[in-house]
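Colleague: I am new to this structure and would like to learn how to read its features one at a time. Could you show me the entry, and then take me through it slowly?

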Protein chains: 2
Amino acid sequence: MARIVMKFGGTSMAGTERIRRVANIVRAQAARGDQVAVVVSAMAGETDRLVNFCREANPLYDPAEYDVVVASGEQVTSGLLALTLQALGCKARSWLGWQLPIKTIEAHAKARIDEIDAPALIAAMEAGEIAVIPGFQGVSEDGRITTLGRGGSDTSAVAVAAAIKADRCDIYTDVDGVYTTDPRIVAKAKKQKAVTYEEMLELASVGAKVLQTRSVGLAMKEKVRVQVLSSFIGEGAPPADDLPGTMIVSDEEMDELVEKGLMERQLVTGIAHDKNEAKVILTRVPDRPGAVANIFEPLAAASINVDMIIQNVGRDKGETDVTFTVPQSDLARAQALLEDRRDSIGFNRIITDSKIAKISVVGVGMKSHAGVASSMFRALSDRGINIQAISTSEIKISVMIDEDETELAVRVLHTAYGLDAVS
Amino acid sequence: MARIVMKFGGTSMAGTERIRRVANIVRAQAARGDQVAVVVSAMAGETDRLVNFCREANPLYDPAEYDVVVASGEQVTSGLLALTLQALGCKARSWLGWQLPIKTIEAHAKARIDEIDAPALIAAMEAGEIAVIPGFQGVSEDGRITTLGRGGSDTSAVAVAAAIKADRCDIYTDVDGVYTTDPRIVAKAKKQKAVTYEEMLELASVGAKVLQTRSVGLAMKEKVRVQVLSSFIGEGAPPADDLPGTMIVSDEEMDELVEKGLMERQLVTGIAHDKNEAKVILTRVPDRPGAVANIFEPLAAASINVDMIIQNVGRDKGETDVTFTVPQSDLARAQALLEDRRDSIGFNRIITDSKIAKISVVGVGMKSHAGVASSMFRALSDRGINIQAISTSEIKISVMIDEDETELAVRVLHTAYGLDAVS
């Protein structure tokens with residue numbers, strides 16, 4: 001007997017037919033004698049529909065009312081999954097964010113989970129009832145509906161798992177685990193049996209869309225065992241393997257897996273790519289103290305996430321070019337903010353380029369091995385791929401390249417780091 | 001300064017464009033200095049969509065989870081109307097059923113409002129904030145979402161009006177008031193300035209679709225002043241007339257209106273028709289004590305509403321035919337229930353007929369005037385319209401006729417009772 005949280009995304013919940021597939025997977029889990037809580041997203045497309053209604057109603061919408069509207073999507077799917085489970089003979093009920101309650105803090109539309117009252121939920125699960133919980137939503141201190149920001153259902157699932165001290169949080173997605181890279185680009189990409197929290201955190205933040213970044217951080221902090229697996233397994237049949245997906249584990253667990261021969265020690269765990277960034281170059285910025293702060297402070301104040309930054313060596317005396325990347329969705333806003341401050345910053349031109357890609361290699365093995373970066377640069381330059389910028393963390397190296405070379409770069413690096421599966 | 005509840009139905013809320021029209025009407029009301037609470041339905045078609053999801057998920061659906069799903073329709077429109085009002089410069093917020101709370105009793109999917117906690121609502125309205133309240137929904141004693149049954153938003157509006165001691169509850173519909181009969185059948189139908197609660201109750205129960213029957217009963221009990229008026233008045237402009245629709249009033253108020261010459265004393269206030277009934281004939285039922293109870297008890301237990309009942313004079317010794325009407329939507333269920341009990345009831349055949357109509361004339365004037373019924377029968381027989389059954393109350397006479405003669409019968413009676421407008 002284990003206590004399991006299962007999370008299903010919008011594609012899995014898109015319509016009553018697919019909800020029936022989900023219900024069969026949930027029933028199979030419960031049939032093993034496990035206590036089960038299910039966290040669900042809205043039907044695919046529904047949140048977009050509701051967000052559009054809000055924009056049409058009021059372009060500068062009040063986030064508190066926005067939350068009332070968009071939280072309805074998960075309310076519907078949680079009720080429907082409970083009904084479907086009942087039709088399959090299971091005891092089940094929905095628990096809305098305000099009913100548990102899932103208490104949140106900070107702003108509407110981007111709330112953070114503060115606390116989940118779990119006793120009633122645990123009692124119901126112990127009595128054999130499957131709990132269905134809408135993801136993405138909670139309730140504020142003054143009793144109003146809140147939402148966690150797009151993709152928040154992963155975070156809801158991990159938070160529920162932490163609150164009920166679940167043995168595992170299974171995140172069902174449309175891929176069957178975490179791969180060494182995108183299998184649509186590299187056919188020989190391998191599914192990993194396990195990756196560490198840190199690696200997953202870096203992979204999520206550099207474009208691997210398997211898990212929402214915030215959920216991985218929460219899982220690491222709360223020591224929640226997370227498994228990523230596919231919701232497209234055989235209808236109703238329990239998975240053949242006990243853990244068919246990819247486990248997200250601590251460094252210590254990873255060491256154990258390697259010792260037992262269940263995992264190979266790898267320098268690089270995954271290669272991610274992200275085409276959603278844009279490059280901004282400000283030319284002829286005065287090369288004096290405070291100049292760079294003048295550029296990045298207003299962007300930070302506007303919650304625009306700046307990633308790679310390069311300050312070119314001064315071309316003329318006392319002047320320099322500053323290059324950085326922002327999400328493409330924030331590019332127009334960033335440009336407007338900088339134009340407004342042209343005089344105080346003192347730059348000459350703004351040059352922007354959306355046709356770039358960020359390629360990242362991630363692996364805890366880098367901590368103890370030198371040469372990972374240089375072999376990356378060597379492999380790319382051997383194929384004539386020009387590196388426009390570089391950023392690194394302890395377990396990640398990212399390079400900015402021309403967008404057209406994305407797939408080539410991913411394939412070259414996958415081979416270079418010895419990740420191609422022997423088939 | 002008055003305190004006004006305004007209620008808008010699904011047609012008025014169908015899409016952000018129409019919600020903007022509603023917001024303009026609400027803003028015009030608030031601009032008069034009135035305190036305003038708005039009760040809204042789901043977008044037209046949305047409740048049907050959600051009900052269908054529930055049926056697909058589980059044909060024998062759990063009403064508690066059904067309520068979770070279908071209540072989301074009004075949650076969405078209440079948030080959107082609050083957003084739209086804000087876009088027009090008004091202070092506004094939504095108050096969901098569980099937030100006020102609107103406490104309900106009895107079963108899910110057909111709950112009844114028990115109590116509404118109004119102090120917070122009143123305080124917000126007194127501070128100049130427009131309150132937007134989703135109709136149709138409440139919360140049960142154990143904190144779960146409930147719904148009131150289809151058309152329940154009218155009842156929500158009247159209940160809110162009673163709770164906050166509103167000066168008036170304005171029900172905006174797609175007609176501009178209560179007419180002497182359906183203007184699509186009789187072009188000379190007149191809009192009534194006022195009808196009494198009792199008359200409205202009878203009219204609502206015999207097929208006039210202006211107001212939900214239960215809401216009229218509640219308004220009568222709680223002495224809520226109700227006005228029925230059109231939501232298709234000029235965009236944003238306050239109505240030219242102070243009370244442009246039809247007021248639902250007490251007998252005493254009606255007497256005052258007549259004394260002041262504002263209303264004429266009428267024998268008949270309205271003529272309604274209803275094509276949604278079906279006739280059931282059980283032949284050769286034993287003519288002994290308890291036989292009729294055997295027929296109607298199982299129907300009542302199944303919540304099937306039996307209206308007109310005729311027990312024909314025994315054709316053979318000791319046997320009789322029993323004729324009655326049920327809603328067409330319940331006909332199949334009624335037939336199945338009766339077939340199951342064929343032996344215990346002891347009838348010979350069941351004959352059913354959906355091609356009937358019920359024509360009703362309603363008016364408090366009948367209480368003190370004889371001859372209303374006989375002039376009805378005379379007018380119909382003069383035009384060769386055969387009356388198949390009759391039922392009466394203190395202020396209503398209904399007859400069952402062939403469905404094909406519906407429009408003719410309505411026109412004949414409208415003229416016979418002197419209701420045709422002089423144009």
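Colleague: How many salt bridges does the rule find across the interface of domain 1 of chain A and domain 2 of chain A?

Modeller: Side chains of opposite charge can pair when their charged atoms come close. The rule used here calls it a salt bridge when a side-chain nitrogen of Lys or Arg is within 4 Å of a carboxyl oxygen of Asp or Glu. In this predicted model, the rule finds three salt bridges across the interface of domain 1 of chain A and domain 2 of chain A. A:Lys367, for its part, forms a salt bridge with A:Glu198, and their closest N and O atoms are 3.1 Å apart.

Colleague: Before we go on, what conventions should I keep in mind about numbering and about the predicted model?

Modeller: Residues are numbered from 1 along each chain as its sequence is written, while chains are lettered from A and ligands numbered from 1 in the order in which they are written. Because this is a predicted model, local features need pLDDT of at least 70 and side-chain atom pairs count only at pLDDT 80 or more, whereas totals for chains, interfaces and linings use all residues; side-chain values use heavy atoms, with hydrogens and water left out.

Colleague: Where do the two domains of chain A begin and end?

Modeller: Domain bounds come from an automatic or database domain assignment, and by that assignment chain A is divided into domain 1 (3–260) and domain 2 (266–423). The C-alpha centres of these two domains of chain A lie 31 Å apart. Taking contact to mean heavy atoms within 4.5 Å, 20 residues of domain 1 of chain A are in contact with 26 residues of domain 2 of chain A.

Colleague: What area is buried between domain 1 and domain 2 of chain A, and which residues supply 30% of the area that domain 1 buries?

Modeller: Buried area is the accessible area (1.4 Å probe) that two parts lose on being put together, summed over both. Between domain 1 and domain 2 of chain A that area is about 2,000 Å², with carbon and sulfur atoms giving 57% of it. A:Ile185, A:Glu199 and A:Val206 supply 30% of the area that domain 1 of chain A buries against domain 2 of chain A, more than any other three residues.

Colleague: How do I read the contact between chain A and chain B, and how many residues of each are involved?

Modeller: The approach carries over from the domains. Here 39 residues of chain A are in contact with 39 residues of chain B, and the two chains bury about 3,100 Å² between them, 59% of it on carbon and sulfur atoms. A:Glu65, A:Leu83 and A:Trp98 supply 19% of the area that chain A buries against chain B, more than any other three residues.

Colleague: How many salt bridges are counted between chain A and chain B?

Modeller: The count between chain A and chain B is two, and over all chains the rule gives 42 salt bridges. A:Glu46 forms a salt bridge with B:Arg49, the closest N and O atoms being 3.7 Å apart. This pair crosses between chains, from A:Glu46 in helix 2 of chain A to B:Arg49 in helix 2 (residues 46–57) of chain B, where helices (H or I, at least four residues) and strands (E, at least two) are DSSP runs numbered from the N terminus.

Colleague: Where are the cis peptide bonds that I should look at?

Modeller: In chain A, the peptide bond from A:Leu100 to A:Pro101 is cis, with omega near -10 degrees, and A:Pro101 is found in the loop between strand 3 and strand 4 (102–105) of chain A. In chain B, a cis peptide bond joins B:Leu100 and B:Pro101, with omega about -10 degrees, and B:Pro101 is placed in the loop between strand 3 (92–94) and strand 4 (102–105) of chain B.

Colleague: What is phi of B:Phe136, and where is that residue found?

Modeller: Phi of B:Phe136 is near 80 degrees, a positive value in a residue other than glycine. B:Phe136 is found in the loop between strand 6 (130–134) and strand 7 (137–139) of chain B.

Colleague: What confidence scores come with the model?

Modeller: Where pLDDT is low, the predicted coordinates should not be read in detail. The pLDDT is the predictor's confidence in each residue, from 0 to 100, and chain A averages a pLDDT of 90, with 96% of the residues scoring at least 70. The model scores ipTM 0.83 and pTM 0.85.
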